Amino acid sequence: MKRVFSGVQPTGNIHIGNYLGALMQFVELQQDNDCIYCIVDLHSITLPQDPKILKDNILDVAALYLAVGLDPKKSVIFVQSMVPGHAELAWILMCNSYTGELSRMTQFKQKSKDSESAPTGLFTYPILMAADILLYDTDVVPVGNDQKQHIEITRDLAERVNNKYGKTFVVPDGRFLKEGARIMSLDDPTSKMSKSAENIHSRISLLDDANKIKKSIMRSTTDSEGSIRFDSINKPGVSNLLNIYSAFSGMGVAEIEKKYEGCGYGDFKKDLVEVTVGAIMPIQQRYHEIRKSQELIDILKDGAERANATSEKTLARVKKKFGLGL
Ligand code: AMP
Ligand code: TRP
């Protein structure tokens, strides 16, 4: 059994890209691994958050985790800030990281926009992520390609500490998603579907109602050629819709192309609405059952207790290696 760890930020608008790219893998992996899935609220405050909305977003992600099929009997599900070891290990790792390597992180460069008033936490974000992973002796981290640099720095830190203090950490591997699993924005199919894009019709959120889903799909960007075929370079919009259709229907792309030979985009999009709504509504139904329940709170409390027990052992080992405390 391998230890698997991953996290999602509670920043709202969990969309079908997050679902198809990340959450579905989480569910798959829990069958024969020892999985820990975290809601990384400490990461989310690297940029300003409204406290009330943050609280709701945390519970939303937790309820969605369960709604898509994560099973608290198989996986540990918890909220990062409820386990103090994350911040503590992050400090220790920070003292073994270099400002130079953090300055090279593309996510920091993008999000800080070279501003002198970028929060320090945004700069040290990758170290907190390394702490999340190393705290649980993680073997495998399922994440999107955009996280590759963060996995690399986590590995570097683990190896650096191991070399300096003797074997302390497991050096984890990233498990990256296939290119095809990247869901693109509906209004601009050359950029990734994102939680934060201004245009709500650029994404389909897992909590969108059927009407909104219909609007977003029907107005999605295609091209003027009028034929339904996969060609991600020349027809990025249609190719993205084919990917979504395929993921939600279980049909192969070639099979879908064949089915819609000679049809117009309008008919294809109408069917895609049906397929997407059909896949998302059962998730929403479970989400609504769980979201307001005491069971959700109990699951998160139990998850935090279990995560804490493991993290305390790792921290005791680390502190001993570093000569910290008594
Ligand atoms: P984030 O939105 O950055 O919190 O992402 C949570 C997880 O979903 C990460 O593993 C991302 O790589 C993945 N993800 C985010 N956007 C997409 C997308 N458009 N397509 C596929 N996976 C995505
Ligand atoms: N940085 C990740 C993202 O934006 C979220 C994250 C935080 C994470 N800690 C993690 C992912 C640990 C995997 C493992 O998607």
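Here are three short exercises on helices α9, α10 and α12 of this predicted model.

**Exercise 1.** Find which residues of helix α9 (residues 210–218) are buried, and explain why they line one face of the helix.

*Solution.* Start with the cut-off: a residue is buried when its relative accessible area is under 20%. In α9, Lys212, Ile213, Ser216 and Ile217 are buried. Now look down the axis of α9: these buried residues fall within an arc of 125°, so they line one face of the helix. A general rule helps here: an α-helix has 3.6 residues a turn, so residues three or four places apart point the same way. Finally, ask what lies over them: the cover includes α12 (265–291).

**Exercise 2.** Describe how α9 and α12 cross, and which classes of residue make the contact.

*Solution.* First, the geometry: the two axes come within 9 Å and cross at roughly 145°. The crossing of α9 past α12 is right-handed. Next, the residues: α9 brings Ala210, Ile213, Lys214, Ile217 and Met218, while the α12 side includes Leu272, Val273 and Ile280. By class, this contact of α9 with α12 has 9 nonpolar, 2 polar and 3 charged residues.

**Exercise 3.** Work through the packing of α10 (residues 236–249) against α12 in the same steps.

*Solution.* The axes of α10 and α12 are 9 Å apart, at an angle of about 40°. Here α10 passes α12 in a left-handed crossing. Among the residues that meet are Leu241, Tyr245 and Phe248 in α10, and Phe268, Leu272 and Val275 in α12. The contact of α10 with α12 divides into 11 nonpolar, 2 polar and 2 charged residues.

Technical notes: Residues are numbered from 1 along each chain as its sequence is written. Chains are lettered from A and ligands numbered from 1 in the order in which they are written. This is a predicted model: local features need pLDDT of at least 70, side-chain atom pairs count only at pLDDT 80 or more; totals for chains, interfaces and linings use all residues. Side-chain values use heavy atoms; hydrogens and water are left out. Buried means under 20% relative accessible area, exposed over 50%, partly exposed in between (1.4 Å probe, protein chains only). Helices (H or I, at least four residues) and strands (E, at least two) are DSSP runs, numbered from the N terminus. The arc is that of the directions from the helix axis to the C-beta atoms. Contact means heavy atoms within 4.5 Å. Axes are lines fitted to C-alpha atoms, for helices over the stretch in contact, and angles run from 0 to 180 degrees between N-to-C directions. A crossing is left-handed if the near helix is turned anticlockwise from the far one by less than a right angle, and right-handed if clockwise. Ala, Val, Leu, Ile, Met, Phe, Trp, Tyr, Cys and Pro count as nonpolar, Asp, Glu, Lys and Arg as charged, and the others, Gly among them, as polar.
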